[in-house]
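Biologist: Could you walk me through this structure a piece at a time? I am new to reading models, so plain sentences would help.
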Amino acid sequence: MKVADVPGLPEGVADHLESGGIEELYPPQAEAVEAGVAEGESLVASVPTASGKTLVAELAMLSAVERGGKALYIVPLRALAGEKATEFEEFEQFGFSVGVSTGNYEDDGSRLSGNDIIVATSEKVDSLVRNGAGWIDDLSCVVADEVHLVDDDHRGPTLEVTLAKLRQRVQDLQVVALSATVGNADEIAEWLDAELVDSTWRPIDLRTGVHYGQGVHYDDGTQEELATGGSDSQTAAIVEDTLQDGGSTLVFVNSRRNAEAAARRLADVTKQGISDDDRQRLREVADEIRGVSDTETSDDLADAVEKGAAFHHAGLAREHRELVEDAFRERAIKVVSATPTLAAGVNTPSRRVVVRDWQRYDGTAGGMQPLSVLEVHQMFGRAGRPGRDPYGEAVLLANNHDELEELFDRYIYAEPEPVRSKLAAEPALRTHVLAAVATGFTTTEDALHEFLGETLYATQTDDPGRLKRVTKDVLAYLERNGFVEREDGTLRATSTGHLVSQLYVDPMSAATLVDGLRAAERGETASSGRQRASGDPEEAGFQTAGEMQETDSEADSDADGEGASPTPFGLFHLVSRTPDMYELYLRSGDREQYTELAYEREDELLGSAPREEEAAFEDWLSALKTAKLLEDWASELDEDRIAERYGVGPGDIRGKVETAEWLLHAAERLAGDLDDVESAAAVREARKRVEYGVREELLDLAGVRDVGRKRARRLYNAGIESRADLRNAEKSLVLGAVRGREKTAERILENVGHPDPEMDAVSADADAAAAAEEADRSGQANLGDFS
DNA sequence: TTTCGAGACCTCTAGACAGCATGTC
DNA sequence: CTAGAGGTCTCGAAA
């Protein structure tokens, strides 16, 4: 089928696509058109990656908008939202406006309601629906990318519920669901009342196989020796072979450490025979990487990149990842060893893919668990770059003949697993049941069941009672915590319930925050809890045996109702023990160290602590570790020191800070809801300190545009302590504080409203410069009590 | 005395969404 | 309780 034959497309679009080299549709695309995607028919397309799913979505959205209405494109990752939006922007010339909305990014200028095509994450869509975005009713087409993710324990239910909600709310909504090849695409199609295109067709060949001994055994029965010299490891041999063929390799491993170690070793292979052009480019990229962050992770990455290799995992800062992805796409970087981040993320195709580790540690399962077929196939799918490689190859590695056969059976010949809904789990239902009630979407338990009956879960389960039972438990939980009320069988959200739904936090997080804030009001801390818990202090609480040094009078005065306002550290701990904060791993030795810290600072820790022998104690300590990280950040400790102290990467620090900001914002609103003005102010300050990463005295300065934690400290040390000071500051002082950067100094003064920001003929003040140097050293200071 | 390598033992474990109001070095 | 790669330490032999 030709593009020109696609019905319903706006004037000019077909010509435009043809001039871009797309004349003939790929077979699955043609099937989709025949099934009516361009005429408003719902469709599930279960096809391999890179087989032209995006065009199917575009045809659906453009024709839908042409008929009237808006189109919504739901992505699983924020990083993909930008990528997709950029792709869709090529149609802006035909009058279609594209908008993006994710948690950390919202298109300015044109409001979403003015856009024809909106790209958003599933959570953001859910949130928009909850908060009553009016344009939802104007939708005529929704595209859900990577729908097989409804299988995900944590985030799958959101996508599932969101789709169900949109379908119920908007009459005749066209739903286009794009999926990887899965075992039960037909079930998904049935759920969505959609046509099905189920195909394994790929635009370029993909050979899959297993490497064992000297060569690769392929799925077509052929074997190939690798043309390599003396590489000892299997992975190195494959990389070397691919390199001789002028191709790049993507290696999937099961841990960050393995990714880094592999990159280090593979760099010895790639460093030979780098062209002068590549060398130059790699050096640039390495410099940029070093510029992103001062951490060891950053240096290690840059070292590898200079030799043509790289690693990729979530400990990297976002900028790191983008630099690596871009340089790999440009083929300057020859090999990337990655955790699954790269399999799910933006498009980074490679000539060869090596799935080195097919098992991954899973604490809940008590050991190594095999990856799912779907996951391995997703990794395989990164092999072969359309238009650049003649074919792609993806291989697993076997250590012996038995493993060779096992891998063939398990992954090469195997069909992907069916997708199963994970909706009937308390954490998922807590938030979605509350949202359904709070938005007035459902007002009775029956209506709730009716709605939940429209989900994929309902079509799949053999135990229809289960969803009802869990829903009942969840409703009881929501009532108990004062989020939902029941009156003559009518469900109604309380004002707190509405707020929680709007804030988009897990109701359990909200309950934790409310408990903590109330405890603060009553002056109830870990220390008072311990005092009360038992007459015998040796047995109560979490402290290690014997060491009591808290004065009774202090603890008593806290306990009898005179609440002091919570400290930042107490609040950091509070948000860290919320289920919405991902836990930091407690390493050996940490238990002892943080138990001691808990003891030292028990007066600040809100609510009562679990006893040391309780299972919950571990989590509580882990939250304490996170709280300490946040406190270090909000005390201007340098990133590299934090990374080193907690064994994390720059990406983890940013992630924790971002989550803390969000939860502290929720806590602030909840404190307001409790009419606890004092706590609300304390929470607000804690939030600001995390947001800017500064101590209290810099809060005013750090709010100025172009002034971050570093510059604020330099200015402060030079004697400029507030915005008012800055507005009236001697210019030479400011220039000295920013280490003689005239442009920077001018921008800052402009932003703060200085009457004359012009820096010509101003020379830097030596004392201020010295103070700036001093500020840099303070970030290295060993804050906190342990090394 | 220093250096090197094999082997025993120990350590640690993937990912990433959300609010709100604007801007780091 | 279950795994397994990598890092680190230790010991002995060679330089």
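Modeller: Gladly, and please keep in mind that this is a predicted model. A good place to begin is strand β3, residues 98-102, which is joined to β4 by two bridges, with the two strands running antiparallel.

Biologist: Which residue of β4 is the bridge partner of Thr-102?
Modeller: The bridge partner of Thr-102 is Tyr-105 in β4.

Biologist: And what is the order of the strands in the open sheet?
Modeller: The open sheet has eight strands in the order β4-β3-β5-β2-β6-β7-β1-β8, and the pairing is mixed. The strands at the edges are β4 (105-106) and β8 (195-198), and because each has a single partner strand, one side of each is left without a neighbour in the sheet.

Biologist: Changing topic, which residues come nearest to DNA strand B?
Modeller: There are 45 residues around DNA strand B, and those that come nearest are Ser-127, Ala-314, Tyr-582, Tyr-585 and Gly-708. By class, this surface has 19 charged, 14 polar and twelve nonpolar residues.

Biologist: What part of the DNA strand B atoms within 4 Å of the protein belongs to sugar or phosphate?
Modeller: Sugar or phosphate accounts for 57% of those atoms of DNA strand B, and the rest belong to bases. On the phosphate side, a polar backbone atom of Val-704 is 2.8 Å from a phosphate oxygen of DNA strand B, and a polar backbone atom of Arg-256 is 3.0 Å from a phosphate oxygen of that strand. For a base, you can look at Arg-360, where a polar side-chain atom lies 3.3 Å from a base nitrogen of DNA strand B.

Biologist: Which elements give two or more residues to that surface?
Modeller: Near DNA strand B, they are α5 (122-130), α9 (256-270), β16 (359-362), α28 (650-673) and α31 (709-717). Of these, α28 gives the most, with five residues.

Biologist: You mentioned Arg-360, so what is its bridge partner in β17?
Modeller: Its partner in β17 is Gln-369. Strand β17 covers residues 367-370 and runs antiparallel to β16, with four bridges joining the two. Together β16 and β17 form a hairpin with four residues between them, and in the turn Gly-366 has a positive phi of about 80°.

Biologist: What about DNA strand C, which residues surround it?
Modeller: Among the residues that surround DNA strand C are Arg-257, Asn-258, Ala-261, Arg-264 and Arg-265, and also Gln-359, Tyr-361, Ala-365 and the turn residue Gly-366. Of the atoms of DNA strand C within 4 Å of the protein, 54% belong to sugar or phosphate, while the rest belong to bases.

Biologist: How far do the polar side-chain atoms of Arg-264 and Arg-265 lie from a phosphate oxygen of that strand?
Modeller: For Arg-264, a polar side-chain atom lies 2.6 Å from a phosphate oxygen of DNA strand C, and for Arg-265 the value is 2.8 Å. There is also a base oxygen of DNA strand C that is 3.3 Å from a polar backbone atom of Ala-365. The elements that give two or more residues to the surface near DNA strand C are α9 and β16, and α9 gives the most, with five residues.

Biologist: Does a record say anything here? What does UniProt list for residues 234-435?
Modeller: An unreviewed UniProt entry lists those residues as "domain: Helicase C-terminal". Over residues 234-435 the chain is 50% helix and 15% strand, and its end C-alpha atoms are 51 Å apart.

Biologist: Next, helix α16: how many of its residues are buried?
Modeller: Eleven of the 13 residues of α16 are buried, so this helix is largely enclosed by the rest of the structure. The buried residues include Leu-429, Arg-430, His-432 and Val-437. Helix α16 spans residues 426-438 and reaches 18 Å from its first C-alpha to its last, close to the 18 Å expected at 1.5 Å a residue. Just after α16, Gly-440 takes a positive phi of about 75°.

Biologist: Which residues other than glycine have a positive phi?
Modeller: Most residues other than glycine have a negative phi. Ala-50 is one of those with a positive value, about 65°, and Asp-172 is another, with phi near 55°. Ala-50 lies in the loop between β1 (43-46) and α3 (53-67), while Asp-172 lies in the loop between α6 (156-169) and β7 (174-179).

Biologist: Are they buried or exposed?
Modeller: Ala-50 counts as partly exposed because its relative accessibility is 40%, whereas Asp-172, at 74% relative accessibility, counts as exposed.

Terms used
Residues numbered from 1 in each chain as written. Chains lettered and ligands numbered in written order. Predicted model: local features only at pLDDT ≥ 70, side-chain atom pairs only at ≥ 80, totals over all residues. Heavy atoms only, no water. Expected span 1.5 Å × (residues − 1). Buried < 20%, exposed > 50% of the residue type's maximum accessible area, 1.4 Å probe, protein only. Near = heavy atom within 4 Å. Polar contact = N/O pair within 3.5 Å; in protein donor to acceptor, adjacent residues only side chain to side chain. Nonpolar A, V, L, I, M, F, W, Y, C, P; charged D, E, K, R; others polar. UniProt positions renumbered as here; feature names shortened; annotations may be inferred. Pairing = 2+ DSSP bridges.
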